[in-house]
Structures are given as structure tokens and as C-alpha cells.
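Thank you all for coming. Let me bring the sequence and the model up on the screen, and then I will walk through a few places in it.

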Amino acid sequence: MKTNRLNPLTILLCTLIGLLSGCQRSAKDFTVSGIVAGAEGQTIYLENIGLSSVTLLDSAKVGTSGKFNFKRPRPDYPDFYRLRLKNQWINFAIDSTETITFTADAKSFATSYTVEGSDNCTAIKAITLAQLDASQEIAHARDEYQAGTLSDSAYRQRIISAAEAYKEVARKYIYAQPMSTAAYFALFQQVDGMLLFDLYDKNDSRAFGAVATSYNNLYPESPRSKHLYNLALQSLKVTRNRPELNLEGIPTKEVEMIDIELPDLHGRTVKLSDVAPGHITLLCFTAYEAEWAPTLNLTLGSIYEKFRGRGLVIYQVSLDDNVHLWKNVASNLAWTCVRDPESVYSRYTALYNVRNLPTLFLLNRHGAPVKRVDNPDRLESEIQALL
């Protein structure tokens with residue numbers, strides 16, 4: 001009987017094919033591992049940071065050696081993730097990288113870690129630390145301002161300086177490699193729910209355009225690319241055609257109403273122009289999910305009860321992502337509450353030049369903005385003056 005025998009060349013080819021197939025299968029996954037000192041018995045979580053939400057992917061108990069390991073399918077396009085330990089997290093990105101290794105301590109998990117295997121993840125750490133510096137500086141400035149030890153102009157300047165210090169760090173990564181995940185990450189860092197890079201500032205618009213163009217060329221089908229490209233186009237359109245709202249030195253009669261048209265709790269569209277005429281209007285841009293929001297709403301409630309009989313109305317614009325949270329809070333408020341589904345990308349915040357939350361304006365009886373009020377504690381005296 002004749003037997004079929006494979007010659008050595010055929011065997012070698014089959015072996016290579018098998019090895020290549022195995023490599024291709026492994027390349028479909030990425031691995032995140034590391035050691036966290038002082039975290040024995042704690043749970044570490046792997047989460048995906050989506051465009052509008054954070055999704056839990058996996059979790060693991062940290063052993064006595066502090067080691068952890070996650071293996072997940074590689075995303076079709078560059079994407080962002082985080083490791084979470086209690087209320088601290090480390091942000092990172094996955095692009096062409098297959099393995100990333102972290103070394104951290106449980107007490108300073110979010111800030112003092114080291115990362116190996118990805119230059120972009122190293123850059124993301126530097127960007128995160130710059131964002132934390134900006135956040136702390138803005139929080140300190142706010143505390144001083146609310147305590148009355150910082151003037152309006154000094155408070156605004158501190159916020160602007162803090163944001164600019166962050167952007168000075170971020171721009172190095174954005175313009176050096178606009179196609180990188182670090183550049184994308186840098187654009188979307190926030191403080192108090194507001195982007196540090198202002199979509200409607202001409203200089204910042206250039207940064208959005210640079211990254212959007214690179215992502216659109218490299219990953220045209222990526223949802224992140226499409227989202228960013230649309231934002232960049234919107235930013236370019238507005239910065240080319242819109243003068244910033246600046247109330248200083250402009251006679252009241254020369255300032256016109258900038259209308260707002262957004263849905264209320266019941267989905268009905270409510271225009272600012274339907275509410276404001278004939279009244280003194282307090283226009284408030286806010287976010288109910290912020291830690292200061294309950295105190296602000298209590299202040300507004302007290303002021304509203306005191307002055308509503310004299311013609312005060314409140315038109316409050318929420319930038320909350322969480323519509324259920326917004327509805328729960330708004331249903332207990334006595335004034336007009338609307339929500340902008342575009343959240344921090346709202347064109348109305350651009351039109352009113354809103355840089356941080358909360359931001360409040362007083363409108364005269366024609367609906368024209370006449371005063372920006374940065375400190376809610378000074379609202380009552382400002383409203384009294386107008387009335």
C-alpha cells in the first residue's frame with residue numbers, strides 16, 4: 001500500500017503557517033498587567049471610556065504579590081481605557097500596542113505610577129498630571145473668591161492662567177503627533193465638566209482641527225474620528241463668524257438678546273425669548289451632577305422666592321450628560337429648567353462665552369444680558385440693583 005509522506009519543506013511551511021496563525025490570533029487581544037503595592041485583597045477594575053459613558057469590562061482581586069492581569073479583545077480603532085482602584089484611576093489608550101505594564105502604589109495609584117510598553121500612555125500620564133494641577137488651582141481660586149479675598153477680575157485671571165498652563169503642556173503632544181491617542185486625550189480634559197480647550201476659541205480651534213484632520217485621514221470609519229471631525233467643523237464655523245460676548249463697556253441699549261431654545265422636563269421646547277421679556281431674568285448655566293450644584297440651587301431658590309413677586313424669572317440651562325439625574329433634580333425646582341443634550345459641546349455656551357460652571361447672567365426686561373455674575377453670593381445685591 002502506498003503511504004503519503006510529507007517532505008521536510010512541506011513540514012516547515014506548515015509549521016510557519018501555524019505559527020503565523022497563532023500570532024494573528026494573539027494580536028487580536030491586548031494585555032494590561034502590573035503590580036500595585038499595598039493593594040492586597042482589593043478589587044481592580046478595567047473600564048472602557050466611551051464617547052458618552054464608562055463601561056466596566058472586567059475586574060480582578062489583587063493578590064498578595066500585588067499582581068494583576070487583564071486580557072481583552074483589541075478595539076477596531078484606537079480607544080481609551082482606565083484601571084480603577086476604589087476612587088482612583090489610571091487612564092491609558094490602546095492603539096497598536098499589545099502589552100502594557102503598570103507599577104503603582106495603592107495610596108497614590110492615580111499619580112505616581114510608571115508605565116511600560118507605550119509612549120502614548122506615558123504621555124497620557126503627563127497630560128493627566130497637568131489637568132490635575134489645573135483643577136487644583138481653579139478649586140483654590142474658587143475658594144478664595146467665594147471667601148471674598150479675590151476680586152472678580154483676579155478670579156477670572158487665575159482660571160485663565162490655570163487653563164493656559166495646562167494647554168501649554170498639552171500642545172506639545174498635540175502638535176508633535178496630532179495622530180496620536182495622547183493628542184486626542186489632551187483635547188478632551190475637563191475641569192468641573194467644562195473642556196480646558198475651548199472649542200470656540202480661535203487658538204484652541206486650531207488644535208481641534210489638527211487632531212481631527214489626522215484622525216479623519218487615518219481612521220475615517222472610527223466613531224471618535226467622526227465625532228471629533230464634526231466638532232472641529234462646528235468650532236471652525238463659529239470662530240470664523242462669532243464675536244465673543246463681552247458686556248464690559250457696552251451700553252445696555254446696544255446689547256441684544258441671544259436666544260436659547262431647548263427642551264424642558266416634558267420635552268416641550270422653551271425659548272428664552274418667551275420667558276424673559278418684561279422680567280428681570282437670571283440665566284444660569286449649570287450641571288446638577290457637580291458637587292456645588294445643590295448649594296447653588298438652594299441659593300437660587302431663596303432668591304427666587306424673595307424676588308419672584310417683583311418680576312424675577314430664572315431660566316436654567318443644564319449641561320448634564322445624565323438625563324435621569326437632571327429630571328430628578330429639575331422636577332423639584334420652581335423655575336424654568338431646560339437641558340442641552342449637546343452638554344459641554346453646547347453652541348449656547350459658545351454664544352454666551354461660558355468658560356466654567358456655574359455661569360450666571362442677569363438680563364434686563366428686554367432680555368438683553370447686562371451683567372455676568374461670577375459669585376452666586378452676590379446675586380441678591382445685583383438683582384436688587386436692577387429691580
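Which residue takes a positive phi just after H2? That residue is Gly-148, with a phi of about 85°. Before I go further, please keep in mind that we are looking at a predicted model.

Let me stay with H2 for a moment, which covers residues 119-146. This helix has 28 residues, and the distance from its first C-alpha to its last is 41 Å, close to the 40 Å that would be expected at 1.5 Å a residue. At its N-terminal end H2 is capped by Ser-118, where a side-chain oxygen lies 3.4 Å from the backbone nitrogen of Asn-120.

H2 also brings us to the largest pocket, since it gives the most to the lining there, with eight residues. The space in this pocket comes to about 1700 Å³. Its lining is made by 44 residues, and those closest to the centre are Arg-82, Trp-89, Phe-188, Gln-189 and Gln-190. Besides H2, the elements that contribute two or more residues to this lining are the strands S5, S6 and S9 and the helices H4 and H6. For those of you thinking about chemical character, the lining residues divide into 21 nonpolar, 14 polar and nine charged.

Two residues from these elements deserve a closer look. Gln-190, which is among the residues closest to the centre of the pocket, sits in strand S9. Is Gln-190 buried or exposed, or partly exposed? It counts as partly exposed, because its relative accessibility is 32%, which falls between the limits of 20% and 50%. Its C-alpha atom is separated by 9.7 Å from that of Ala-163, a residue 27 places away along the chain. Arg-224, by contrast, belongs to helix H6, and it counts as buried because its relative accessibility is 8%, where the cut-off is under 20%. The side chain of Arg-224 reaches the backbone oxygen of Ile-49 at 2.4 Å.

Next, the loop between S5 and S6, where we find Lys-86. As a general matter, most residues other than glycine have a negative phi. Lys-86, however, has a positive phi, near 55°. This lysine is exposed, because its relative accessible area is 61%, over the 50% limit.

Finally, let me turn to strand S14, residues 312-318, in which seven of the seven residues are buried, so the strand is largely enclosed by the rest of the structure. Leu-312, Ile-314, Gln-316 and Ser-318 point one way from the strand, while Val-313, Tyr-315 and Val-317 point the other way, and all of them are buried. S14 pairs with strand S13, residues 280-286, in the parallel sense over seven bridges, and within this pairing Tyr-315 is the bridge partner of Leu-283.

What does the side chain of Gln-316 make a polar contact with? The partner is the side chain of Asn-297, at 3.1 Å. Gln-316 lies in S14 and counts as buried because its relative accessibility is 0%.

To leave you with the main places, they are the largest pocket, with about 1700 Å³ of space, H2, which gives the most residues to its lining, and S14, with its seven buried residues. I am happy to go back to any of these on the screen.

Notes:
Residues numbered from 1 in each chain as written. Predicted model: local features only at pLDDT ≥ 70, side-chain atom pairs only at ≥ 80, totals over all residues. Heavy atoms only, no water. 1 Å grid on protein atoms, 1.4 Å probe; cavity = no way out; pocket = protein on both sides within 12 Å on 5 of 7 lines; lining within 4 Å. Points joined across faces, edges and corners; volume = space filled by probe spheres on them. Helix = DSSP H or I, 4+ residues; strand = E, 2+ residues; numbered from the N terminus. Nonpolar A, V, L, I, M, F, W, Y, C, P; charged D, E, K, R; others polar. Expected span 1.5 Å × (residues − 1). Polar contact = N/O pair within 3.5 Å; in protein donor to acceptor, adjacent residues only side chain to side chain. Buried < 20%, exposed > 50% of the residue type's maximum accessible area, 1.4 Å probe, protein only. Pairing = 2+ DSSP bridges.
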